[in-house]
Amino acid sequence: MESLSAKVESATPNQEGVQLLRDTKVALLVGITGAGKNSVLNEMVKTGNYHDLVTSVTRQPRLNNGVPEQDGVDYHFLTEDQALAAIDAGEYVEVSMVHNRIYGVTVSEVRRAHDIGKIAIADVTVEGVDKYKSLSDNVVAIFLLPPNYDEWQRRVQKRYPTIEEFQADWPNRRASAIRELEAALEKPYYHFVINDSLSEAVDACLQIVGSDDKFYRKDDEKHLVARDILNEIREHYEN
């Protein structure tokens, strides 16, 4: 019998879903922890031109900063059986296993963006971008970065309640950042944006999405900056 992880890994959308994805412009925000993906995404949604693709997940709602998560707002909460039925029907655009839970974006969520004439936007992993790109050329991938290693370390540290917890997890964060950056720099379709100022980063992302995914000299410059940041992270990781 096919394992759950294998079933999820081999999931593909049905033909109707693929065509819908190709007919809907999609902006995907990627980035290492602390790059500010959620902040940039929220500001872009505030323009009124974007629809945030709500992820479906096979778990119960939790408290988020003391506030209960809302179905259809924070996530679409499904049972595992519902998620497996959606996989069998080809209703996931992109789906993966995360900590033994099924996370993904359904075709119906993309349809919401399409039907109201908005650009679909989501915060995804580099693996998620690969899946979207394999299905449609109407996808813009933007990799967000902090301005430098020291600022990145400061931002990530703020997420931990104690310095001890931060120090314990920091090697994993560095290793993940190296893997993600290396993967993105190998692909020709990534735009890189340095998030030093939120307003400037948002403006850069809006311009990129509005340019029909064309590349300019600024893209070459930002690629070099991204590679410099990667080398800086590598140096600290090895020392």
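**Helix faces, aromatic pairs and a pocket in the predicted model**

A183 is partly exposed, its relative accessible area being 23%. The model in which this value was computed is a predicted one. A183 is found in helix α8, which spans residues 163-186. In sequence, A183 and V126 are 57 residues apart, whereas their C-alpha atoms lie 7.1 Å apart in space.

Two helices were examined for the placement of their buried residues. In helix α3, made up of residues 37-45, the buried positions are K37, V40, L41 and M44. These four residues lie on the same side of α3, because the arc they cover around the axis is only 100°. The partners against which the buried residues of α3 pack are the strands β1 (26-31), β2 (50-52), β9 (119-123) and β10 (139-145), together with helix α9.

In helix α5, residues 107-115, the buried residues are V107, E109, V110 and A113. Here the arc around the axis is only 160°, so these residues also fall on the same side of their helix, α5. The buried residues of α5 pack against helix α2 (15-22) and against the strands β2, β6, β7 (92-98), β8 and β9. Strands β2 and β9 thus appear among the partners of α3 and among those of α5. After α5 comes G117, which has a positive phi near 70°.

Strand β9 contains I121. I121 counts as buried because its relative accessibility is 0%. Beyond its neighbours within four places in sequence, I121 is in contact with A27, L29, L41, M44, V45, Y50, H51, D52 and L53. Among these contacts, L41 and M44 belong to the buried residues of α3. The C-alpha atoms of I121 and V54 are 9.4 Å apart in space, and the two residues are 67 residues apart in sequence.

Aromatic side chains form a further set of contacts, with 11 aromatic pairs in the structure. In the pair of Y75 and Y103, the ring centres are 6.3 Å apart and the planes stand at 80°, so the arrangement is edge-to-face. This pair links distant parts of the chain, 28 residues apart: Y75 is in the loop between β5 (67-68) and β6 (76-77), and Y103 is in strand β8, residues 101-106. Y75 is partly exposed, at a relative accessible area of 22%. Y103 has a relative accessible area of 19% and is buried, the cut-off for buried being under 20%.

A second aromatic pair, Y190 and F192, is tilted, with 6.3 Å from centre to centre and 40° between the planes. Both of its members are buried: Y190 has a relative accessibility of 0%, and F192 has a relative accessible area of 2%. In addition, Y149, W152, Y160, F166 and W170 form one aromatic cluster.

D196 lies in the loop between β11 and α9. D196 is exposed, with a relative accessible area of 59%. When residues up to four places away in sequence are not counted, D196 touches P147 and R155. The C-alpha atoms of D196 and E127 are separated by 25 Å, and these residues are 69 residues apart along the chain.

The second largest pocket holds about 420 Å³ of space. It is lined by 18 residues, of which A204, Q207, I208, K218 and K222 are the closest to its centre. Two or more lining residues come from each of β11 (190-194), α9 (198-210) and α10 (217-238). Helix α9 gives the most to this lining, with 6 residues. By residue class, the lining of the second largest pocket divides into 7 nonpolar, 4 polar and 7 charged residues. Helix α9 therefore has two roles in this description, because it contributes to the pocket lining and is also among the elements against which the buried residues of α3 pack.

Key. Residues are numbered from 1 along each chain as its sequence is written. Side-chain values use heavy atoms; hydrogens and water are left out. On a 1 Å grid over the protein atoms alone, a cavity is a set of points where a 1.4 Å probe fits but cannot get out, and a pocket is an open set with protein on both sides within 12 Å along at least five of seven lines; lining residues have an atom within 4 Å of a point. Grid points are joined across faces, edges and corners, and a volume is the space filled by probe spheres set on the points. Ala, Val, Leu, Ile, Met, Phe, Trp, Tyr, Cys and Pro count as nonpolar, Asp, Glu, Lys and Arg as charged, and the others, Gly among them, as polar. Buried means under 20% relative accessible area, exposed over 50%, partly exposed in between (1.4 Å probe, protein chains only). The arc is that of the directions from the helix axis to the C-beta atoms. Contact means heavy atoms within 4.5 Å. Rings of Phe, Tyr and Trp (its six-membered ring) pair if their centres lie within 6.5 Å; planes under 30 degrees apart count as stacked, over 60 as edge-to-face and the rest as tilted.
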